[in-house]
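Student: I am new to this structure and would like a close look at a single part of it. Please take the sheet and what surrounds it, and keep the answer connected.

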Amino acid sequence: MTRTPAALTAALLCLATAAGARPLSAQAGADPGPMIAERSKGDPKAPITVFEMSDFQCPFCRKFFLETFPALERDYVQTGKVHWIFLNLPISELHPNAEPAAEFAMCSAKFGKFWPVHDLLYHHQDLWAPLKEPGTFLLTLADSVGLPRDSLLPCLQKHEMQARVGGDAASAARAGARATPSFLIDGALLTGAYPLEVFQHVLDSIYTVRMAARKP
């Protein structure tokens, strides 16, 4: 049975209220790990923290990025209400190029280019996702954001970010994520590329509770 936004919010709000007092690393198994600043948006002290657990080759993750995230970023992240953190959750059994794409994004993060590369991977997903060997095409994305290949290639060739991507996936699994996209919203797990109104309902309700709790 499909839940209405109000019913879904009530269930998530109950979980999030209980989780809100705990340290971030304890929330539903989430482990921020290293290199979080490079793939975060918003104020780290924002009243709400959202972990997005996504797969760059997942079509539903792309749908969320194109149709929903721009409004969330404008109305919640940029206004200081939400701290948004991206975690890699490549589902390699379904998406064989998801892990190489995640490693590419994380190598780009070393040079401060995670978000530009993140955006390009989703915008051009239909071009690189079907390729048997996506590496050459991914390097053209690096070129387009001004990433020198001689700096990026050692990271890619040595698979320096393989363990980091695996660590992200393990953290997502501990949080209960089994599909993409999934979102850990202050300790409450929401799975699926829900429409904007669902996220608005959830975030507005949690924000109201957080602000009320801060009043003397």
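Student: Which residue in β3 is the bridge partner of S40?

Tutor: The partner of S40 is I85, in strand β3. The model is a predicted one, and everything below should be read in that light.

To place that pair, start with the whole. The protein has 10 helices and 5 strands. It counts 216 residues, of which 48% are buried. Among contacts with a separation of 6 or more, 78% are between residues 24 or more positions apart.

The sheet is open and has 5 strands, in the order β1-β3-β2-β4-β5, with mixed pairing. Strands β1 (40–41) and β5 are at the edges with a single partner strand each, so each has one side without a neighbour in the sheet. Helix α5 (residues 114–123) packs on this sheet and touches β1, β2 and β3 (82–88). The direction of α5 makes about 65° with that of β3.

Now the strand that holds I85. Strands β1 and β3 run antiparallel and are joined by 2 bridges. On β2, F51 stands opposite I85. Strands β2 and β3 run parallel, with 7 bridges between them. I85 therefore has S40 as a bridge partner and F51 standing opposite as well, in keeping with the strand order, where β3 comes between β1 and β2.

In a regular strand the side chains alternate between the two faces of the sheet. In β3, V82, W84, F86 and N88 point one way, while H83, I85 and L87 point the other way. All of these residues are buried. With 7 of its 7 residues buried, β3 is largely enclosed by the rest of the structure.

At the other end of the strand order, β4 (182–185) and β5 (188–191) pair in the antiparallel sense over 4 bridges. L184 stands opposite L189 of β5. The loop between these two strands holds D186. This residue is not a glycine, yet D186 has a positive phi of about 50°. D186 counts as buried because its relative accessibility is 4%, and the cut-off for buried is under 20%. Before β4 comes the loop from α9 (162–174), which contains P181. A cis peptide bond joins T180 to P181, with omega about -5°.

T180 is also one of the contacts of D55, a list that leaves aside neighbours within four places in sequence and includes L89, P90, H95 and Y122. D55 lies in the loop that follows β2 (48–54) and leads to α2 (59–67). D55 is buried but has no salt bridge, and R62, the nearest side chain of opposite charge, is 11 Å away. What D55 does have is a polar atom of its side chain 2.6 Å from the backbone nitrogen of Q57.

Back at the edge strand β1, charged residues do pair. Side chains of opposite charge can pair when their charged atoms come close. The structure holds 8 salt bridges. In one of them, the side chains of K41 and E73 meet, with N and O 2.9 Å apart. K41 belongs to strand β1 and E73 to helix α3, so this pair links parts of the chain that are 32 residues apart. Both ends are under the cut-off of 20% for buried: K41 has a relative accessibility of 16%, and E73 has 19%.

Helix α3 (residues 69–77) has further buried residues, among them F69, L72 and Y76. The buried residues of α3 are covered by elements including β1, α2, β3 and α10 (196–214).

Another salt bridge joins D168 and R39, whose closest N and O atoms are 2.8 Å apart. D168 is in helix α9 and R39 is in the loop between α1 (5–19) and β1, so the pair ties together parts that are 129 residues apart in sequence. Both residues are buried. R39 and D168 are also linked with R164 in a network of salt bridges.

Terms used: Residues are numbered from 1 along each chain as its sequence is written. This is a predicted model: local features need pLDDT of at least 70, side-chain atom pairs count only at pLDDT 80 or more; totals for chains, interfaces and linings use all residues. Side-chain values use heavy atoms; hydrogens and water are left out. Buried means under 20% relative accessible area, exposed over 50%, partly exposed in between (1.4 Å probe, protein chains only). Lys and Arg count as positive and Asp and Glu as negative; His and the chain ends are not counted. A salt bridge is a side-chain nitrogen of Lys or Arg within 4 Å of a carboxyl oxygen of Asp or Glu. A polar contact is a pair of N or O atoms within 3.5 Å; within protein, one must be able to donate a hydrogen and the other to accept it, and residues adjacent in sequence count only if both atoms are side-chain atoms. Contact means heavy atoms within 4.5 Å. Two strands pair if DSSP finds at least two bridges between them. Axes are lines fitted to C-alpha atoms, for helices over the stretch in contact, and angles run from 0 to 180 degrees between N-to-C directions.
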